[in-house]
Structures are given as structure tokens and as C-alpha cells.
Amino acid sequence: MNENWIELEKKYHLQIYGRLPVVLVEGRGMEVYDINGKKYYDFLAGIGVNNVGHCHPKVVEAIKKQAETLIHTSNIYYTIPQIKLAKKLVELSGLDKAFFCNSGAEANEGAIKFARKYASKVLGKDGGEIISMYNAFHGRTLTTLAATPKPKYQEGFHPLPQGFKYVPFNDLEALKESISNKTCAIIVEPVQGEGGINVADKDYLKGVRDLCDDKNIVLIFDEVQCGMGRTGKMFAYEHYGVKPDIVTLAKALGGGVPIGAVILKEEIGKALNYGDHGTTFGGNPLACSAALASVEVIEELIKDNKVIEKGDYFIQKLKNLKEKYDFIKEVRGLGLMIGTELEFNGSEIVKKMLERGFLINCTSDVVLRFLPPLIVEKEHIDSLIDALDDVFSKIEQK
Ligand SMILES: *Cc1c(COP(=O)(O)O)cnc(C)c1O
């Protein structure tokens with residue numbers, strides 16, 4: 001029963017997650033099952049992790065094979081899955097070098113360290129100032145938290161590392177004005193995830209790129225959530241025709257196995273020496289084998305704009321609901337990274353959808369967030385829309 005495990009969790013686990021009352025025990029493709037055997041369609045995909053669906057056979061096979069061969073050794077030695085994955089990500093991104101870690105926060109932490117080192121050593125810039133955006137989310141370590149200007153997350157954790165400045169997202173003028181001779185990097189999510197699915201304007205990222213070129217500033221794209229095929233392209237920045245100096249990845253990279261990556265330009269890489277940064281687990285054979293399989297599956301899934309098509313279909317269906325219900329303020333998204341902003345807190349909707357067998361999520365209080373696996377089919381989308389329509393229709397009656 002759900003209840004017994006929930007009781008034990010409350011007794012033994014730090015009470016730091018406001019969880020929904022289900023114990024999930026199994027997953028396959030679009031589906032997950034709770035301990036009572038109830039089936040759910042997963043439209044959250046572990047918050048953008050299970051892009052290839054649950055337990056994808058190719059990822060499972062790669063993990064099994066690697067687990068029987070070599071699970072871990074140290075970065076003191078060369079390992080083949082790590083080299084293969086680095087080559088793959090460098091080729092896909094158009095950048096030059098890869099570094100592996102274990103999470104999104106760690107990837108951003110690394111990116112910030114690399115940018116600061118490059119700025120001080122190569123550009124001769126002191127001060128290490130980093131500019132990030134309001135409504136950004138870059139992680140929960142102290143430095144990435146300093147780049148995440150959400151009072152609720154920062155409260156009680158001061159002092160935070162210094163040198164962070166914030167400007168509104170999609171506001172090139174504000175960004176321009178905040179740049180100083182100490183600015184070494186700008187970090188931005190091409191599509192803000194936790195901040196409510198805010199898509200960068202068509203010309204914004206190009207403008208940011210030009211500013212960075214002009215002022216010798218490192219441009220970091222945090223693609224921890226919007227990368228790995230989520231928006232229908234391997235990297236969200238491909239929609240904008242710009243390339244960052246550094247891109248950070250995690251979430252969907254490992255097909256469910258924890259792994260993060262920092263992919264960077266040669267020039268920045270050259271500012272780093274042996275021993276300047278490192279990690280015990282980062283890029284270990286098990287994680288890299290899972291990631292390599294996951295990336296190969298994603299390459300197939302996004303072919304022929306298939307994910308973009310499914311995303312457009314989904315967005316149109318949500319827009320139809322918006323015509324019907326006045327309390328829907330906006331539907332927005334790119335590929336299968338989709339948000340629906342309501343006039344009220346969406347947590348009750350999330351609970352009602354859970355009862356109906358759908359995992360969705362609400363972010364920034366009022367934005368219903370949909371991040372289904374890229375294997376989602378129109379039938380799944382239709383059934384979610386029907387359920388949502390039903391839930392919405394009961395709200396209006398109140
Ligand atoms: C989730 C997320 C992070 C943090 O990743 P963790 O693996 O939880 O540390 C950073 N940036 C973005 C854009 C994210 O969505």
C-alpha cells in the first residue's frame with residue numbers, strides 16, 4: 001500500500017520534498033505504475049529526464065552490458081565510454097571539448113568556474129561578475145543558487161558567493177546596461193523551465209551573442225532542461241541560429257542515470273590546466289554508456305521534425321482549451337517543453353490529474369508544465385487533453 005511507505009518516508013527521509021501521495025514502482029515508455037498497480041501517463045518525465053521514455057530497451061541494454069563489464073574507475077585513467085560520449089556531444093554541439101559531472105547544478109558550477117578562470121587568465125578581467133536572468137533556475141548549490149534570483153530559494157542560505165547580477169529575461173537593453181568591465185559571463189536558459197516555460201524571443205539570443213562578442217564575455221547556455229531533444233532539436237539554441245561558448249547539460253542526458261556535462265570552446269578549455277577542476281564520479285563508464293545510448297535514441301526521435309510536430313499539435317490542443325476557459329492566461333512552449341499559465345495556483349489541477357492517471361506538474365505557482373517523453377503519441381496527448389478539459393470544466397462550475 002502507498003500509505004505504509006509514505007509513513008516510513010516521513011519517519012526516515014528529510015522532510016524537504018512536498019511529494020504527491022503515490023509510490024511509483026515501475027515504468028515503461030509513456031507509462032508508470034504505482035504500488036497499487038494504478039497506471040499513469042507520464043507527462044512530466046521525471047522533470048525532463050526520461051526523454052526517451054521509461055526503461056528504454058536500448059538504454060537498459062547499455063546499462064546492463066556496462067554493469068557487467070566496468071561500473072566505475074577513476075578519472076586518473078582513460079575509459080572508453082567517456083571518450084565516445086565526449087566525441088558525440090562535441091560533434092552534435094559544434095563546440096570543442098566536453099567535461100562530465102553528475103547533475104545540472106554541478107554542470108553550471110563548472111561552467112561558471114571555467115568562465116571565471118578564462119576571463120581572469122586569458123582576458124585579464126578581474127571581478128568575475130556573472131549576469132543571470134530573473135526567473136532563471138540554475139541549481140541549488142550555493143554558487144548556482146546565487147545565479148538563481150528566487151527569494152524563496154535563497155532565503156536563509158546567505159551569505160551566497162559574490163559577483164552575481166540579475167536582469168529581466170528577454171530584455172536586451174537591460175542586459176546591455178548591466179554589463180561592466182568586470183562582467184565575465186552571461187548565463188541564460190534558451191527556454192526557462194522552472195521559471196514558467198518562458199521561451200527566448202526570436203532575436204534575443206542573437207542579440208545576447210552579439211553583445212558577448214562585442215564585450216569579450218563568455219556566453220553560457222544552460223540547456224539542462226531544454227537540451228537533449230526536448231524542444232525538437234538536440235539543443236534549443238539550434239532554433240535561434242546562435243552558438244554559445246559553453247553549454248551545460250544534465251537531466252535527459254543519461255536516460256535516467258545521473259550525469260551532467262559542460263561542453264565548451266577550445267579557447268576556454270585552454271585556460272584550464274590539469275587539476276584545476278574535477279570529480280570522482282563524473283563521466284564514469286556506467287553513466288556514459290547510458291548517456292551514449294540515450295543520445296543515440298534521441299537523435300532518432302527528433303528526426304524529420306517529429307518532436308516539433310508533436311509539440312505543435314499539443315500546443316494547439318491546449319490553445320483550443322484556452323478558447324474555452326477564461327482562466328487560462330497563456331499557452332506557450334517550444335517542441336515538447338510546454339506551459340499553460342492559469343489565473344490561479346495550479347497545484348489542485350495537478351492533484352486532480354493525478355487521480356485521473358496523468359503525471360503533470362505546476363511551476364512558478366501558476367504554470368502547468370508538460371514535459372512528456374519524446375516518444376509521446378497523439379493518442380496520449382488527446383487523452384490528456386480530454387482529462388484536462390474535464391478537470392477544467394468542474395472548476396468553472398464552482
Ligand atoms: C534542473 C535544472 C538545473 C539543476 O539540475 P540538478 O540536476 O537538479 O542539479 C539547472 N538548470 C536548469 C535549467 C534546470 O532545469
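Arg140 sits in the loop that links β5 (129-133) to α6 (142-146). This is a predicted model, so take everything below as computed from that prediction. How open is that arginine, buried or exposed? Arg140 counts as exposed because its relative accessible area is 53%, and the cut-off for that label is over 50%. It still has company: once you skip the neighbours within four places in sequence, Arg140 is in contact with Ala105, Leu145 and Tyr153.

Why look at this residue at all? The unreviewed UniProt entry lists Arg140 under "binding site", together with Thr279. Of that set, Thr279 is part of the lining of the second largest pocket.

So let's move over to Thr279. Like Arg140, it belongs to a loop; for Thr279, the loop runs between α10 (266-269) and α11 (285-301). Which residues does Thr279 touch, apart from those within four places in sequence? Its contacts are Asn75, Glu106 and a run of neighbours in the chain: Phe99, Phe100, Cys101 and Asn102.

Now for a bit of sheet. Four strands form an open sheet with mixed pairing, in the order β1-β2-β3-β15. The edges are taken by β1 (24-28) and β15 (358-359); each has a single partner strand, so one side of each lacks a neighbour in the sheet. For β1, follow the pairing with β2 (residues 31-34): the two run antiparallel and are joined by four bridges. If you want a spot to find that pairing on screen, go to Glu26, which stands opposite Tyr33 in β2.

Notes. Residues are numbered from 1 along each chain as its sequence is written. This is a predicted model: local features need pLDDT of at least 70, side-chain atom pairs count only at pLDDT 80 or more; totals for chains, interfaces and linings use all residues. Side-chain values use heavy atoms; hydrogens and water are left out. UniProt positions are given in the numbering used here, feature names are shortened, and annotations may be inferred rather than shown by experiment. On a 1 Å grid over the protein atoms alone, a cavity is a set of points where a 1.4 Å probe fits but cannot get out, and a pocket is an open set with protein on both sides within 12 Å along at least five of seven lines; lining residues have an atom within 4 Å of a point. Buried means under 20% relative accessible area, exposed over 50%, partly exposed in between (1.4 Å probe, protein chains only). Contact means heavy atoms within 4.5 Å. Two strands pair if DSSP finds at least two bridges between them.
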